Amino acid sequence: MLMAIGNLLSCKEDIGLSAARIGEKPEALKNIKFAEAPGGAIISYDLPTTSDLRYVKATYTLENGKTMVSKASMYDNQVFVQGYAEIGEHDVQLVAVSVGDVESEESTIRIKTGKPNYIKLAESFQSDEFFYSTFGGVNVKYTNEDASNIILSVFKFDETENEWQVLNQTYTKAKEGIIRVRGEDAEPIKFAVVVRDQWGNVSDTIQRVLTPQEEFEIKELLIYNGITAYSDMNRNGDYIANYNAQSNTAAMQVSLFDGDGHPTQAKQWWGKAAPVPFQFTLDARRKAQISRVKMWGRNDNNSLLFQATHPKEFELYGSNAPSSDGSWESWTLLGTFEGVRPSGLAFGTNANAEDIEYARKGEDFEVNWSEPGGFKYFRIKINCTWNGVREQPLGNALTVAISELKLFGKYVD
């Protein structure tokens with residue numbers, strides 16, 4: 001018995017130390033060409049005809065001295081090299097590799113790289129279209145063409161301390177998005193943005209002097225009770241309820257607008273047994289111009305983030321004289337907004353660390369205000385949650401879960 005076990009271990013050890021078969025040495029790559037790409041190049045070639053071919057390997061060195069290896073399968077006749085810090089010319093070594101890691105003679109091609117995406121992204125922030133002031137701060141709008149991992153850092157210069165302060169650092173591979181910096185005074189401020197890519201390349205610092213617009217939180221909001229019916233299936237009071245997962249005793253106003261514990265507290269405000277679409281109306285008590293809506297989904301349980309009760313798309317309306325019958329004629333549409341899931345993971349998949357951090361900060365939705373003056377009443381209509389269902393009949397519990405809601409802007413009277 002011991003001899004049998006010893007023989008078995010010996011066989012496994014032999015297999016681990018040597019290839020099962022040594023293939024034929026492939027011919028060197030021929031007809032090698034390249035096309036510029038951002039921060040690299042796409043190299044094409046004619047593949048060797050040997051049946052033992054397994055892949056093509058490209059070896060190259062970045063400007064920082066790091067050696068990189070990129071591989072392409074035997075079913076493809078091109079390999080992508082990337083990670084260069086700037087436009088330039090570089091040598092790339094290519095070999096064809098057969099079964100048993102048998103390599104062909106090395107071929108070298110001199111490529112010219114295109115402008116890296118991190119530089120193009122940084123340069124875009126010199127434009128008002130991508131880096132601009134807004135209520136209470138600035139927006140940094142980015143387009144990440146190749147969806148590579150990048151770090152966007154936003155700074156402001158502290159005149160008192162005579163130093164740069166980090167306002168935001170965003171790690172993302174999303175193709176596009178907006179970084180919103182808030183809480184700044186309405187005065188000229190020197191801001192800056194720096195971009196770092198996944199290879200450690202760092203852009204120049206893009207500096208702008210921008211003046212944020214004055215912005216305040218619209219406080220003391222009330223659920224408006226002057227409407228007898230929102231629709232045939234969504235009547236005021238009947239299907240709007242507060243729920244506190246710990247005590248079930250918190251008042252509706254406190255639950256939605258208390259501003260206390262929204263990142264982690266196990267509380268939520270929802271349309272209980274309500275249909276979708278689902279809507280409710282807020283009384284601001286004074287006329288206000290809304291610059292943004294900030295909303296938190298239920299944050300005490302990460303498995304509920306970006307799921308069936310988490311609002312995804314909603315509309316914001318304003319009115320100064322809401323119709324008592326709940327009709328829409330007296331309302332002005334101020335915007336339609338859709339939530340973002342930073343990870344891009346599919347519905348039904350648990351939130352990852354990036355999703356959780358984003359959700360706990362609360363999601364900002366900017367209002368592109370075009371109406372003069374302001375409104376006293378605001379209606380929020382939830383079109384769907386992250387399950388995507390836009391029509392849901394009356395009687396389904398847990399339709400909408402919101403742990404906190406805030407409106408920002410300014411009063412106009």
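Strands β11 and β14 pair in the antiparallel sense, over seven bridges. Two strands count as paired if DSSP finds at least two bridges between them; strands (E, at least two residues) and helices (H or I, at least four) are DSSP runs, numbered from the N terminus. One bridge joins Ile-151 to Arg-196 in β14.

The model is predicted: local features need pLDDT of at least 70, side-chain atom pairs count only at pLDDT 80 or more, and totals for chains, interfaces and linings use all residues. Residues are numbered from 1 along each chain as its sequence is written, and side-chain values use heavy atoms, with hydrogens and water left out.

**Two open sheets**

β11 and β14 belong to an open sheet of four strands, in the order β12-β11-β14-β15, with antiparallel pairing. β12 (163-172) and β15 stand at its edges; each has a single partner strand, so one side of each is left without a neighbour in the sheet. Another open sheet has three strands in the order β1-β2-β5, also paired antiparallel. Here β1 (30-37) and β5 (78-82) are the edge strands, each with a single partner. Strand β2 (residues 40-46) pairs with β5 over five bridges, and Ile-43 has Val-79 in β5 as its bridge partner.

The table gives the average turn between neighbouring strands, direction ignored. Axes are lines fitted to C-alpha atoms, for helices over the stretch in contact, and angles run from 0 to 180 degrees between N-to-C directions.

| Sheet | Average turn between neighbouring strands |
|---|---|
| β1-β2-β5 | 20° |
| β12-β11-β14-β15 | 25° |

**Helix α2**

Helix α2 lies across β11, β14 and β15, and runs at about 165° to β14. The buried residues of α2 (residues 117-124) are Asn-117, Tyr-118, Leu-121, Ala-122 and Ser-124. Buried means under 20% relative accessible area, exposed over 50%, and partly exposed in between (1.4 Å probe, protein chains only). These residues are on the same side of α2 because they cover an arc of only 155° around the axis, the arc being that of the directions from the helix axis to the C-beta atoms. They pack against β10 (137-143), β11 (150-158), β14 (189-197) and β15 (206-210).

**Strand β13 and the loop before β10**

β10 also pairs with β13, in the antiparallel sense over six bridges, and Thr-143 stands opposite Glu-176 in β13. Which residues of β13 (residues 176-181) point to the buried face? They are Gly-177, Ile-179 and Val-181, while Glu-176, Ile-178 and Arg-180 point to the other face and are not buried.

Gly-136 lies in the loop between β9 and β10. Gly-136 counts as buried because its relative accessibility is 4%. Beyond four places in sequence, Gly-136 touches Val-181, Arg-182, Gly-183, Glu-184, Pro-212, Gln-213 and Glu-215. Contact means heavy atoms within 4.5 Å. Thr-134, in strand β9 (residues 131-134), is buried too, at 10%.

**Nonpolar cores**

A nonpolar core is a set of buried Ala, Val, Leu, Ile, Met, Phe, Trp, Tyr and Cys residues joined through side-chain atoms within 4.5 Å. The largest has 26 residues, of which Ile-290, Leu-316 and Phe-378 touch the most other members. Strand β20 (278-296) is one of the elements that give two or more residues to this core, and β20 gives the most, with eight. A second, separate core of 21 residues includes Ala-85, Phe-130, Val-138 and Phe-191.
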